[in-house]
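User: Could you take a close look at the side-chain links in this one and walk me through them? I'd like to know what pairs with what, where the partners sit, and how open each one is to the outside.

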Amino acid sequence: MTTFDDTGMFELVEDTRGEPEPPRRARVVVVLGVAAALVVAGVVWLLAARGPDDAGAGQMTVSLLERPAEPTDEVAAPVVDETGIDPATARFAVRTTAGQHYAALRWAGDLCLVAVPVGDAARVVCVAPSPRATVTISGEDGSRVRLGTDDAPPPDTAEGWRAAGPNVWVLDAAGPAAG
């Protein structure tokens, strides 16, 4: 049988009666202050790393979309439902053999080109907003329509592209073959 010597067992326990408790509240305040300082430092670092040139990088301008709305800009409710565009931003762009084409924005700011062929469902192609964004949609006849921001480079006229208004270019189905 093993016996334990329990003498001195209670000498390890400190007697803290009458002494004040350690300042836990002060420790919590210091920890929260350091955490807040780290968050602020991180945000400042991210803003500094972005640089002044990136501040307007997400802003795109499209002259076609900035003009006042006209009756020809109205898009039918079923087209809005099918494509998810903001109908207040829709602007008539061009009519081709593939149908009517509209420039518009989605609710999140995506740049969209909507094709509304006669007797067929509308089609939409969208891209994320950027200063040089372009979006192209092809018709079943092989024609193509391109919509671009004001800063987007125009397509090559040597390939048969022609301007069809502000920010809009058309490549007809009978255009020259690339070669």
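Analyst: Here's a walk through the charged pairs, the cysteine link and a few spots around them.

Keep in mind that this is a predicted model. For orientation, the protein has three helices and eight strands, and in sequence order the pattern runs α-α-α-β-β-β-β-β-β-β-β. Of its 179 residues, 27% are buried.

Let's start with charge. Side chains of opposite charge can pair when their charged atoms come close. How many salt bridges does a search of the whole structure find? The search turns up three.

Arg67 is a good place to begin, as Arg67, Glu70 and Asp73 are linked in a network of salt bridges. On one side, Arg67 pairs with Glu70, with 3.8 Å between the closest N and O atoms. The cut-off for a salt bridge is 4 Å, so that distance falls within the limit. On the other side, Arg67 pairs with Asp73, and here the closest N and O atoms are 2.8 Å apart.

Are the members of that network buried or exposed, or something in between? Arg67 has 22% relative accessibility and counts as partly exposed. The line for buried is drawn at under 20%, so a value of 22% stays in the partly exposed class. Glu70 is also partly exposed, at 42%. Asp73, on the other hand, is buried, with a relative accessible area of 3%. In other words, the 2.8 Å contact of Arg67 goes to Asp73, which is buried, while the 3.8 Å contact goes to Glu70, which is partly exposed.

The remaining charged pair to look at is Arg162 with Asp172, whose side chains meet at 3.2 Å, N to O. Arg162 belongs to strand E7 (residues 162-165) and Asp172 to the segment after strand E8 (168-171), so this salt bridge ties together parts that are ten residues apart in sequence. Both ends are partly exposed: Arg162 has 38% relative accessibility, and Asp172 has a relative accessible area of 37%.

There's a backbone detail in the stretch between those strands. Most residues other than glycine have a negative phi. Asn167, in the loop between E7 and E8, isn't a glycine, yet its phi is positive, at about 70°. Asn167 is also buried, with a relative accessible area of 8%.

Asp172 leads on to another residue worth a look, Ser143. Ser143 is in the loop between strand E5 (134-138) and strand E6 (144-148), and among the residues it touches beyond four places away in sequence are Leu171, Asp172 and Ala173. The same contact list includes Thr96, Thr97 and Ala98, along with Ile137 and Ser138. Closer in sequence, the side chain of Ser143 has a polar contact of 2.7 Å with that of Asp141. Ser143 is buried, with a relative accessible area of 4%.

Now for the covalent link. A disulfide is a covalent bond between the sulfur atoms of two cysteines. The count here is one, and it joins Cys112 to Cys126, with 2.0 Å from S to S. The link is right-handed, with 110° about the S-S bond. Which elements does it connect? Cys112 is in strand E3 (residues 111-116) and Cys126 in strand E4 (residues 123-127), and the two cysteines are 14 residues apart. The two ends fall in separate burial classes: Cys112 is buried, at 0% relative accessibility, whereas Cys126 is partly exposed, with a relative accessible area of 23%.

For a counterpoint to the charged pairs, look at the surface patch formed by Val30, Val34 and Leu38. It's nonpolar, and its members have about 300 Å² of accessible area together. Val30 sits in helix H1 (residues 24-50) and is exposed, with a relative accessible area of 52%. The cut-off for exposed is over 50%, so 52% puts Val30 in that class. As for the whole protein, about 12100 Å² is exposed, and carbon and sulfur atoms supply 59% of that area.

One last number on how the chain comes together: among contacts between residues at least 6 apart in sequence, 37% join residues at least 24 apart.

Conventions
Residues are numbered from 1 along each chain as its sequence is written. This is a predicted model: local features need pLDDT of at least 70, side-chain atom pairs count only at pLDDT 80 or more; totals for chains, interfaces and linings use all residues. Side-chain values use heavy atoms; hydrogens and water are left out. Buried means under 20% relative accessible area, exposed over 50%, partly exposed in between (1.4 Å probe, protein chains only). Helices (H or I, at least four residues) and strands (E, at least two) are DSSP runs, numbered from the N terminus. A disulfide is a pair of cysteine sulfur atoms within 2.5 Å. Patches are made of residues with over 30% relative accessible area and no salt bridge: like charges are joined within 9 Å, nonpolar side chains (Val, Leu, Ile, Met, Phe, Trp, Tyr) within 5 Å. Accessible areas come from the Shrake-Rupley method with a 1.4 Å probe; for residues, only the protein chains shown count as cover. A polar contact is a pair of N or O atoms within 3.5 Å; within protein, one must be able to donate a hydrogen and the other to accept it, and residues adjacent in sequence count only if both atoms are side-chain atoms. Contact means heavy atoms within 4.5 Å.
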